Number of protein chains: 4
Amino acid sequence: KTDEQDGQLGAGTTKTMGNFKGHALPGSFFLLFGLWWSVKYPLKYLCRKNKSACYLGSRAGFQRLEFVEGIIKAAFALIGMVAEQFVPDGPHLKLYNYEEQHWDHLMNWQHATMYLFYGISGLVDIVAHGTNTLPVAVDRMVLSLAVFIEGFLFCYHLHGRAMLDVHVHQLLLFAIFGGAVCIFLEVFFRGSIVLEMLRTSLCILQGSWLWQIGFVLYPPNGSPEWNQMDHTNMMFLTMCYCWHYAFAFLILAVNYAIVSW
Amino acid sequence: KTDEQDGQLGAGTTKTMGNFKGHALPGSFFLLFGLWWSVKYPLKYLCRKNKSACYLGSRAGFQRLEFVEGIIKAAFALIGMVAEQFVPDGPHLKLYNYEEQHWDHLMNWQHATMYLFYGISGLVDIVAHGTNTLPVAVDRMVLSLAVFIEGFLFCYHLHGRAMLDVHVHQLLLFAIFGGAVCIFLEVFFRGSIVLEMLRTSLCILQGSWLWQIGFVLYPPNGSPEWNQMDHTNMMFLTMCYCWHYAFAFLILAVNYAIVSW
Amino acid sequence: KTDEQDGQLGAGTTKTMGNFKGHALPGSFFLLFGLWWSVKYPLKYLCRKNKSACYLGSRAGFQRLEFVEGIIKAAFALIGMVAEQFVPDGPHLKLYNYEEQHWDHLMNWQHATMYLFYGISGLVDIVAHGTNTLPVAVDRMVLSLAVFIEGFLFCYHLHGRAMLDVHVHQLLLFAIFGGAVCIFLEVFFRGSIVLEMLRTSLCILQGSWLWQIGFVLYPPNGSPEWNQMDHTNMMFLTMCYCWHYAFAFLILAVNYAIVSW
Amino acid sequence: KTDEQDGQLGAGTTKTMGNFKGHALPGSFFLLFGLWWSVKYPLKYLCRKNKSACYLGSRAGFQRLEFVEGIIKAAFALIGMVAEQFVPDGPHLKLYNYEEQHWDHLMNWQHATMYLFYGISGLVDIVAHGTNTLPVAVDRMVLSLAVFIEGFLFCYHLHGRAMLDVHVHQLLLFAIFGGAVCIFLEVFFRGSIVLEMLRTSLCILQGSWLWQIGFVLYPPNGSPEWNQMDHTNMMFLTMCYCWHYAFAFLILAVNYAIVSW
């Protein structure tokens, strides 16, 4: 049991540090994408509105951007999958330990599965925007499924953990499933700036909350651990989650203002 | 524990009175907005239908109204946040009590967080209807999120209370989440009079039910308390909730009739 | 407690018969409406398709039908409300028994509340189709709310009953909430024959299942009672529910075939 | 109790083999339909896009295909229903065992009910695409209801089984209800290639997962049984489910590529 948890991200030196990184690294990716989207979508919207003032943007330019995004997504996912497999205490593609008759490093495999779907989403982006054999809306559908499967695997992750641990991950699920629904709606209302900004805000929320989870569950630098059973801690974190979302709004607003200048 | 509950609205002289006000004041705001909407939307609809007979209404006039609404919403939210913080037994911006090692006045902070999102919604209204850099539909999206977050914080509010207390708040959640879904639909079906009237009715329902909660949980003037464990009380209140909704319909109908004259 | 259950429909001579009628009477109303709709909507659809062959149907003719439907709905609802109040062992408008300090005949009041919303829906139909001050889509919205509130009150009805009793009522809730969602969709996709036929089938299902509930819980003519705790009974009834739905499809198909001749 | 489980598919020689077949047979049907759809829908989409290059496809050609599909669906459903009834240890149309006072072979009846609704869906397909009295969108609505009812009966199937057994069937429900929602959306967004491919992928997933369930719960060829209570088995299967879905994507992609050549 402890083996699995040790291997959660693996590259760290101690279990605690490893787990902190295990939340901070994907959190950074989500933040990165969220920040990038918070620049891209306002730009796209404003370009569509007044075409003359826009030096960047033919439709083709933005399609190329989505193509590049797909490559980056697929690359990140590939790196993630390889890292989960081949870190020193990873499974090295071994799924079942025949000697001891148990599954091997299931956590790493589960994370690799999550990355796999983001990788598929990246590949679909590349094909849909690089060629024109594929209907364009497929990219949103597959991204929606990738996010949904992330949430789905998270749901079955939480069994038998402490109350606070479960609670912070449950809060994360709101951002994940909210995001999946939002992207699914984009299949039908493609190019709606409102949905794109909702998605961006939920992506930033997910990223910053993953950092917060890291700080709460694996406090770095020897700060004291949080009391897992204290009810007021739970209430504070629920509220804190809302503040993260307000913060995501703030970032969106600032970037929107900068772009519109 | 009792500290937090004392501070729930704070300005009152005794705990009971304070809590009654704590439900009646936001209830009044919702009722006010509901009543105002029950006049505004029929007016808008009837103006659009026969343009000649309407002395009020160019499109620009209604946009100015939404601008003013945003200012009022933001002002109320600011007042609410300041009041929650600086009432005599409020937190005064102190979040953590370092001496006694516990969170300070979490209830007030939670209420302030609710108001914060209504404030953001008000600000977005101001920007979206005052300038035209922002897509107009963003106002509904942010309002929908504000209502959703109100319901979200309410959900994690109810832990460990008495049965009747939980029940009346749960009933409130129907109005809140119903409202959030309705406003979210307005992002896509903007200006649909049917959705606007649904939203208005749910807003009036929320307002009048907050008053009802106040009367049930903190009966003023020394009337006897309700038996929290009596099952028939619960059944009556469920029914009473429906009557409140019928009453909201009545108000809508009367205002619609007056306006159409 | 037994008083309330006695008074459930009231006109019957014995408790069992009364309760059987209490399910059979509303069931008949739903069946009646379902059967009428299963004729009306195919007729309307086929009239719209080939206008020449249709001797019935200008648009105005169908609007008059909806007007008449509204009157019938409102009349049934009024009769239902009056019957619930003034049957020999009904509440006679008395809500609270001050002598014995408990609520009086809550079941009758709850049923009257259900009828009240159908009555409101009938009134809105009359106004929306009789005059043209009201937007037409409001009739569907209010009907959807009436059906939703029926389901809502049912939900809080079932506390503390036997397993089989709860199960058959839960199955009913699928038809009720399914109907509410379907009618809500009609607000946006008005006149969609597919949704209208879905609604019709769910209405017939609700009617025939109410009859079935009557036969299961209060077997008339002295047939033996069902074992409330037998798990296979539950499995059979789940399946039986599906057969009722297949039967509703059959009725729809036959009526559609007759109409199209 | 064991009688019912014995009779689950019935044709097998031993209980274990019978149950393996009971999952593999319907699984094969779903796989077959999924594979066929993964060829048909890309073909249809590409034909619509460049009409000249397409030797197959007038609109009428595809309508005839749907007609034939309906016949096959109805035929499979009829065979399934007859097989469930008349296998050696089936119910032979006897529903109630009057001597022993219990329901007879409820499992077989339940499976027959599932097939019944697929049969109805097949019949509706035949009528809707063979004649033009019926609105075309009805075929999707009825298919959606058939899939929904499959899921509905599954839900009430799982009571009182072992943890792993419940878990693998619950995972199946995601594919079933996801499929039902997707087909329901197709009523309104008919011909959307994205929804059609989502449906196809969920259909393949359902088929391959039914095979997987067969291998997990009734391992053929005397391989050892899975430990029903081991938590890591559950985690592995959740992950495995995602791999099945990735595999469904792969099939779709390969077929799409072949077709577009």
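**Close-up views of a predicted four-chain model**

**View 1. How chain A maps onto chain B.** Turn chain A by 90°, shift it 0.0 Å along the axis, and it lands on chain B with an RMSD of 0.0 Å. That's what a four-fold axis does. Keep in mind that this is a predicted model. Which residue of chain A comes closest to the rotation axis? That would be A:F188, whose C-alpha sits 7.8 Å from the axis.

**View 2. Tyr245 in the largest nonpolar core.** The largest nonpolar core has 305 residues, and the ones touching the most other members are A:Y245, B:Y245, C:Y245 and D:Y245. Zoom in on B:Y245 and you'll find contacts from two chains, leaving out residues up to four places away in sequence. From chain B come B:L198, B:S201, B:L202 and B:L205. Chain C chips in with C:F117, C:L145 and C:I149. As background, nonpolar side chains in soluble globular proteins tend to be buried together.

**View 3. A salt bridge between helices 5 and 6 of chain A.** Here A:E186 and A:R140 pair up through their side chains, with 3.0 Å from N to O. A:E186 belongs to helix 6 (residues 163-188) and A:R140 to helix 5 (residues 138-155), so this pair links distant parts of chain A, 46 residues apart. Are these two buried or exposed? Both A:E186 and A:R140 are buried.

**View 4. Lys40 meets Glu69 in chain C.** The side chains of C:K40 and C:E69 form a salt bridge at 2.8 Å, N to O. The pair links helix 2 (residues 15-49), home of C:K40, with helix 3 (residues 59-86), home of C:E69, across 29 residues of chain C. Both partners, C:K40 and C:E69, are buried.

**View 5. Glu66 and Lys44 in chain D.** D:E66 makes a salt bridge with D:K44, and their closest N and O atoms are 4.0 Å apart. Since D:E66 lies in helix 3 (residues 59-86) and D:K44 in helix 2 (residues 15-49), the pair ties together parts of chain D that are 22 residues apart in sequence. Why does D:E66 count as buried? Its relative accessible area is 6%, and buried means under 20%. D:K44 also counts as buried, at 16% relative accessibility.

**View 6. A salt-bridge network in chain A.** Shared partners join A:K44, A:E66, A:D139, A:R140, A:E186, A:R190, A:E196 and A:R199 into one network of salt bridges. The A:E186 and A:R140 pair from View 3 is part of this network. Over all chains, the salt-bridge count comes to 34.

Notes:
Residues are numbered from 1 along each chain as its sequence is written. Chains are lettered from A and ligands numbered from 1 in the order in which they are written. This is a predicted model: local features need pLDDT of at least 70, side-chain atom pairs count only at pLDDT 80 or more; totals for chains, interfaces and linings use all residues. Side-chain values use heavy atoms; hydrogens and water are left out. A nonpolar core is a set of buried Ala, Val, Leu, Ile, Met, Phe, Trp, Tyr and Cys residues joined through side-chain atoms within 4.5 Å. Buried means under 20% relative accessible area, exposed over 50%, partly exposed in between (1.4 Å probe, protein chains only). Contact means heavy atoms within 4.5 Å. Helices (H or I, at least four residues) and strands (E, at least two) are DSSP runs, numbered from the N terminus. Copies are superposed by least squares on the C-alpha atoms of residues with pLDDT of at least 70 in both.
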